[in-house]
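Biologist: Could you pull up the model so we can go through it together? I have a handful of questions.

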Number of protein chains: 2
Amino acid sequence: MNSGQLQRQDIRIWVANRFYYQAAIPIKDAAIMSNCPMREVRRLWLHRIMDHDGAKDDEGGIGAWLRLGEVCGLSRRELLDHRHVLPGVRFAVDAYVNFARTRPWPEAVASSLTELFAPDLMAKRLEAFKRYYPWVDASGLDYFGRRLVQAPRDSGEALKLTLDYCDTRERQLAATHALQFKCDLLWAILDAIHARCLALPHPRRRGELSGQAVKSSDSNPLSTSKGGSPT
Amino acid sequence: MNSGQLQRQDIRIWVANRFYYQAAIPIKDAAIMSNCPMREVRRLWLHRIMDHDGAKDDEGGIGAWLRLGEVCGLSRRELLDHRHVLPGVRFAVDAYVNFARTRPWPEAVASSLTELFAPDLMAKRLEAFKRYYPWVDASGLDYFGRRLVQAPRDSGEALKLTLDYCDTRERQLAATHALQFKCDLLWAILDAIHARCLALPHPRRRGELSGQAVKSSDSNPLSTSKGGSPT
């Protein structure tokens, strides 16, 4: 993505699948709050739900992602019904929600610390979209811009909670395991998307891959006429 | 309570035990949100968490209940560590949280509909405290006053959601069962508190009960020197 190698269909697959993750974030955060008996921690965590859900219309991160989808050629409907979501992405995201529901809240908080690296990623991503994917109208990139501001605040809060509440060796190990788990699931999401993109027809890749994985036999609209044109 | 028959120790037992219920409300509401994939429903439900937790200090319903405890002679510490909570109350409240965690969100929403009857109850309770329990400083009755305003709004929202989403016979039955379950648990809380109060020494009750249940052999401070004085 950051070096401009994606086709339009690849971007769409990423956007549609990543939306399943976005839609699960407030559910995950409510699960963390539901496991936390401490009023002061719940107060600190609450804004994350508001940040993603918004108060009305398309305010909030989910709304911003729906706009990203629209400028990429994905209707709200096909995003909201998750028709393009790959099984591997679904399992990984559901595992995240399940983790937040079933593990002690400090571990679930620690699992969010991948956000420590979000600002750099978001800045690079914004740059990449503007440079390599100009067909994605900049009006749809609002999500990345707002995360530039939100992620440092969010990860700072989560890091402080983790350092404060993971105050034994055992809890510190649990926190690092939680973060590893989160990295695993983010990788699993990307791997599933990557495998899907490789399986689609692509002029350049066809040569590179010596003819493998060029069939597109399903009826997924992302793999048919809409996709395939070079960026 | 509403006919002025409670001793100070009875009021304290009720306040300390009911606080366990109050403290569980945001946890229960976060569980409902965590089970709800619909952004518009989560948006509607979110203010309940804010209403109870407040943004800071003792804002919110939990803070108001802590003040009620203080004017009744219960320290914040003994409320917050739940030392006075009876097993029957704990099981009933935990069952409520567990219900919200494990049942479909429309059923958990329906279980909140006991609030339809809250405004009348709160008005009577406010009246009763002012009339029969003047030793409870009115500055501590803020919780009941705010519920006079919040409960009609909350129950109206929950009723609309229930009518909208419980749109089959099966779901309607599930909703009524949820409400019955909630009534059962509220009764179980009151029964446990009632039984505890009857087991404490009480000048009038001692005669009425022909000497039964007058022993107070445990170390619960609610049953010792602080209690026992007539209202």
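Modeller: Here we go, and keep in mind that this is a predicted model. Since you like surface charges, let me start with a lysine: B:Lys160 is exposed, with a relative accessible area of 52%.

Biologist: Which residue does B:Lys160 meet in a salt bridge?

Modeller: Look along helix α8 of chain B, which spans residues 142-165. The partner is 4 residues from B:Lys160, so the two are separated by about one helical turn. That partner counts as partly exposed, at 40% relative accessibility. The N to O distance is 2.7 Å, and the residue is B:Asp164.

Biologist: Over in chain A, how far apart are the closest N and O atoms of A:Asp164 and A:Lys160?

Modeller: Both residues lie in helix α8 of chain A, 4 residues apart, about one turn of the helix. A:Lys160 is exposed at 53% relative accessible area, while A:Asp164 is partly exposed at 40%. They form a salt bridge, and the closest N and O atoms are apart by 2.7 Å.

Biologist: Now a pair that links distant parts of the chain: how many residues apart are A:Asp51 and A:Arg153?

Modeller: Their side chains meet in a salt bridge, 2.7 Å from N to O. A:Asp51 sits in helix α2 (residues 39-53) of chain A, and A:Arg153 in helix α8 (residues 142-165) of chain A. Along the chain, the separation in residues is 102.

Biologist: Is A:Asp51 buried or exposed?

Modeller: The cut-off for buried is under 20% relative accessible area. A:Asp51 has 18%, so it falls below that limit. Its partner A:Arg153 has 35% and is partly exposed, whereas A:Asp51 is buried.

Biologist: Which residues are linked with A:Asp51 and A:Arg153 in a network of salt bridges?

Modeller: Side chains of opposite charge can pair when their charged atoms come close. In this network, A:Asp51 and A:Arg153 are joined by further acidic and basic residues, namely A:Arg48, A:Glu115, A:Arg147 and A:Asp154.

Biologist: And over all chains, how many salt bridges are there?

Modeller: The rule asks for a side-chain nitrogen of Lys or Arg within 4 Å of a carboxyl oxygen of Asp or Glu. The pair A:Asp51 and A:Arg153, at 2.7 Å, is one that meets it. Over all chains, the count comes to 32.

Biologist: What about helix packing: are α5(B) and α9(B) roughly parallel or roughly antiparallel?

Modeller: The axes of α5 (residues 87-102) and α9 (residues 169-198) of chain B come within 8 Å and cross at roughly 160°. The crossing is left-handed, and residues making the contact include B:Tyr96 and B:Phe99 of α5(B) and B:Phe181 and B:Leu185 of α9(B). Angles over 145 degrees count as roughly antiparallel, so α5(B) and α9(B) are roughly antiparallel.

Biologist: How many helices does chain A have?

Modeller: Read from the N terminus on, the elements of chain A run α-α-α-α-α-α-α-α-α-α. There are 0 strands, and the number of helices is 10.

Biologist: Last one: which residue of chain A has the C-alpha nearest the axis that relates the two copies?

Modeller: Chain A can be laid on chain B with an RMSD of 0.0 Å, using a turn of 180° and a shift of 0.0 Å along the axis. The two copies are thus related as by a two-fold rotation axis. The C-alpha in question is 2.5 Å from that axis, and it belongs to A:Ala30.

Terms used
Residues are numbered from 1 along each chain as its sequence is written. Chains are lettered from A and ligands numbered from 1 in the order in which they are written. This is a predicted model: local features need pLDDT of at least 70, side-chain atom pairs count only at pLDDT 80 or more; totals for chains, interfaces and linings use all residues. Side-chain values use heavy atoms; hydrogens and water are left out. Copies are superposed by least squares on the C-alpha atoms of residues with pLDDT of at least 70 in both. Buried means under 20% relative accessible area, exposed over 50%, partly exposed in between (1.4 Å probe, protein chains only). Axes are lines fitted to C-alpha atoms, for helices over the stretch in contact, and angles run from 0 to 180 degrees between N-to-C directions. Angles under 35 degrees count as roughly parallel, over 145 as roughly antiparallel, 65 to 115 as roughly perpendicular and the rest as oblique. A crossing is left-handed if the near helix is turned anticlockwise from the far one by less than a right angle, and right-handed if clockwise. Contact means heavy atoms within 4.5 Å.
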